[in-house]
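Reader: I am new to this structure and would like to go through it slowly, one question at a time. Could you show it to me before we begin?

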Amino acid sequence: MTTFILIMKKFMGDRLAITGLAIIVCLILTAFLAPYIATHPRDVFAVHPAERLQGPNARHVFGTDDMGRDIFSRVVFGSRISLLISIVAIGVALLIGVPIGLITGYYGNRVSELLMRISDIFLAVPQIILALALAAALGPSIQNVILALSFTYWPWFTRTVHAETRSLKNSIFIEATEALGIGAWRTIVFHVLPNVSSSIIVRASLGMGYTILTASVLGFLGVGAQPPAPEWGVTIANSRRFLPDAWWYATFPGLAIFMVVMGFNMFGDGLRDILDPRIRRAKR
Amino acid sequence: MRFLLYVFKRIAYIVPILLGLLTLTFFISRVIPADPVALIAGGSASPEQIQELKRQYGFDKPLYQQFAIYVGGLAKGDLGISLYSRRPVMKDLADRFPATAELSMFALLISILFAVPIGVACALKRNSKLDHLMRGVTIAGLAIVGFWLGIMFQLLFSYKLGIFTLGRRISVPVPETVTGFYLIDSLLTLNGRAFFNSLWHLCLPGITLAVPAFATLVRFTRSGLLDVINREYILYETSMGIPRWLIIYKYALRNALIPVVTQIGLLIGYLLAGAVVIESVFDWPGLGIYAVESMLMSDYKAILGVTLIAGFICTVSNIVVDIVITFVDPRKLEQ
């Protein structure tokens with residue numbers, strides 16, 4: 001418990017991590033309260049030709065798009081898509097990657113070796129290229145984006161957890177649990193996992209940001225969410241036909257991506273500094 | 001001897017990784033629900049014509065046989081025929097590679113040129129105004145999505161200020177082809193007009209692509225140098241009366257830059273991935289646009305080719321970095 005309080009104290013003193021957390025909380029609130037925050041919640045999909053391509057004004061704070069839809073409301077509702085994609089994709093990647101990392105790190109046998117080589121294959125190309133190929137093959141939809149991103153992100157968890165587990169394996173307290181006759185599974189779940197959990201949290205936070213970024217790229221390139229979904233990447237792709245005149249059309253969804261990704265990065269970085277004393281020394 | 005053995009082992013590692021990647025991509029791109037043959041044949045093709053095309057492209061054979069045929073072709077440097085451009089994929093890739101390589105190398109070069117000195121300055125003047133500013137810049141630089149930044153740059157620098165012209169790689173006659181890199185070709189043929197014009201075209205996409213790389217390198221240079229500067233051997237040298245700049249330049253920086261070199265190796269992959277997106281924004285006729293087009297068209301041979309070349313470049317650059325680092329820091333051999 002004292003460790004927890006100590007970590008909380010450090011966390012509260014870290015401006016970066018706190019700002020990141022605040023942004024994440026805002027994102028979650030926006031996603032849940034979207035119908036109340038959006039100024040024109042019923043206009044997210046409705047077409048109003050008379051109001052098309054209006055610049056930011058009192059009625060439409062972020063302006064309107066080529067269908068006369070309120071961009072602010074669409075950005076607000078877009079947060080739901082980004083949050084959904086990142087939570088599910090990272091959740092699935094975590095469920096695949098962490099057990100593999102634990103097992104391969106704990107048992108250094110042939111199977112572990114094979115699994116690690118498989119994860120190397122995934123890491124041999126930038127994630128986005130594999131995700132792009134997979135999403136395009138499966139057909140453009142939000143479900144397939146989630147599938148593509150989780151299927152290509154798990155090796156990052158595996159690698160992180162594997163390395164930590166391997167170094168823990170040589171520590172005295174793990175040797176002690178073995179000497180006490182505690183089974184391997186029990187050791188992994190109750191003694192190794194809690195000790196690697198901080199790295200998992202950091203990796204997950206950075207991964208959430210990265211996943212939102214990648215999902216928007218897939219949307220932008222036309223293999224992710226499809227119009228008329230208010231996804232941020234898709235909106236920016238649509239806006240390109242109306243540039244440079246309708247600058248607001250591309251600007252605000254992009255700012256939303258930027259803020260959210262920055263929030264996750266700041267939170268993840270701050271947390272890593274607090275939880276990992278080795279890095280803290282270098283960063284200060 | 002041990003070093004040579006290490007180099008050999010690292011190079012031999014490329015083959016299984018690429019074979020694995022090939023298998024993975026082959027089966028990913030063949031889960032395509034859309035029938036690739038129907039795509040080539042068009043809507044008006046009769047069932048006989050479709051059957052004929054299937055035979056022609058080898059789609060009538062079982063999947064594992066198609067895979068074996070593909071790998072066999074690959075061994076001879078044949079990546080098959082693109083379903084869309086109807087040209088050998090190898091030729092398509094070779095035509096487009098210089099554009100992407102020029103863009104990525106330019107981005108890498110400017111990010112190193114700016115990031116390393118700035119990172120050093122931040123480390124030496126810790127908590128100064130510059131340091132705080134750069135911390136903000138690096139955090140923002142890693143969170144900006146490339147296609148949006150590209151569009152914002154276009155809005156500001158091309159439409160509003162009219163500094164840069166948009167579209168493609170060059171707007172004067174293309175220099176005589178030697179390497180396919182316009183900058184190098186125009187230098188070789190002493191074509192000043194083409195050189196400056198292509199440099200001008202390179203600026204906006206290059207800078208857009210360089211932003212995350214710049215942020216990463218500033219970060220690693222700063223933390224690398226801070227890590228070294230507090231070591232005891234630096235204190236020793238200071239107490240010996242060696243001038244500060246000499247200590248930094250000769251003793252600290254060499255150790256500090258090891259993690260930076262590792263990052264440069266990793267960045268080559270990221271730049272390649274970034275190019276996929278940036279090329280679409282700037283209409284840059286490289287591998288990135290080719291990758292996106294082939295994926296949207298379910299042109300699986302082109303997809304395989306692109307993934308393979310990306311995997312090859314990333315793996316090789318990582319291995320080169322590993323070897324360089326082991327050469328610089330032989331302690332790594334022990335690990």
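Reader: How many aromatic pairs are there over all chains?

Author: Please keep in mind throughout that this is a predicted model. One example of such a pair is formed by A:Trp247 and A:Phe252, whose ring centres are 6.2 Å apart and whose planes make an angle of 50°, so that the pair counts as tilted. Over all chains, the count of aromatic pairs comes to 21.

Reader: Which of A:Trp247 and A:Phe252 is buried, and which is partly exposed?

Author: The label buried applies under 20% relative accessible area. A:Trp247 has a relative accessible area of 39% and is therefore partly exposed, whereas A:Phe252 has a relative accessibility of 15%. The buried residue is therefore A:Phe252.

Reader: Which residues do ring pairs link into a cluster with A:Trp247?

Author: A:Trp247 and A:Phe252 form a tilted pair, and both belong to a cluster held together by ring pairs. Besides A:Trp247, the members of this cluster are A:Phe62, A:Phe72, A:Trp248 and A:Phe252.

Reader: Which residue lies over the face of A:Tyr106?

Author: Here the ring of A:Tyr106 has a side chain placed over its face, at 4.8 Å from the ring centre. The residue in that position is A:Lys169.

Reader: How many salt bridges does the structure hold over all chains?

Author: One of them joins the side chains of A:Arg117 and A:Asp120, with an N to O distance of 3.0 Å. Another is formed by A:Arg272 with A:Asp269, where the closest N and O atoms are 2.8 Å apart. Over all chains, the number of salt bridges is 13.

Reader: Why are A:Arg117 and A:Asp120 separated by about one helical turn?

Author: Both residues belong to helix 5 of chain A, which covers residues 110-123. A:Arg117 is partly exposed at 31% relative accessibility, while A:Asp120 is buried at 14%. They are separated by about one helical turn because their spacing within that helix is 3 residues.

Reader: How many residues apart are A:Asp120 and A:Arg159, which lie in helix 5 and helix 7 of chain A?

Author: The side chains of A:Asp120 and A:Arg159 meet in a salt bridge, at 3.8 Å from N to O. This pair links distant parts of the chain, since A:Asp120 lies in helix 5 and A:Arg159 in helix 7 (residues 142-169) of chain A, and the separation is 39 residues.

Reader: Is A:Asp269 buried or exposed?

Author: A:Asp269 and its salt-bridge partner A:Arg272 both lie in helix 11 (residues 247-275) of chain A, 3 residues apart. A:Arg272 counts as partly exposed, at 25% relative accessibility. A:Asp269 has a relative accessible area of 7%, under the 20% limit, and is therefore buried.

Reader: Which residues do salt bridges that share partners join into one network?

Author: Salt bridges with shared partners make up this network, and A:Asp120 is one of its members. The residues joined are A:Glu113, A:Arg117, A:Asp120 and A:Arg159.

Reader: Turning to chain B, which residues does B:Thr216 touch, leaving aside those up to four places away in sequence?

Author: B:Thr216 is placed in helix 10 (residues 192-229) of chain B, and with a relative accessible area of 12% it is buried. Leaving aside residues up to four places away in sequence, B:Thr216 touches B:Leu142, B:Gln263 and B:Leu267.

Note on methods:
Residues are numbered from 1 along each chain as its sequence is written. Chains are lettered from A and ligands numbered from 1 in the order in which they are written. This is a predicted model: local features need pLDDT of at least 70, side-chain atom pairs count only at pLDDT 80 or more; totals for chains, interfaces and linings use all residues. Side-chain values use heavy atoms; hydrogens and water are left out. Helices (H or I, at least four residues) and strands (E, at least two) are DSSP runs, numbered from the N terminus. Buried means under 20% relative accessible area, exposed over 50%, partly exposed in between (1.4 Å probe, protein chains only). Contact means heavy atoms within 4.5 Å. Rings of Phe, Tyr and Trp (its six-membered ring) pair if their centres lie within 6.5 Å; planes under 30 degrees apart count as stacked, over 60 as edge-to-face and the rest as tilted. A charge sits over a ring if NZ of Lys or CZ of Arg is within 6 Å of the ring centre and within 35 degrees of the ring normal. A salt bridge is a side-chain nitrogen of Lys or Arg within 4 Å of a carboxyl oxygen of Asp or Glu.
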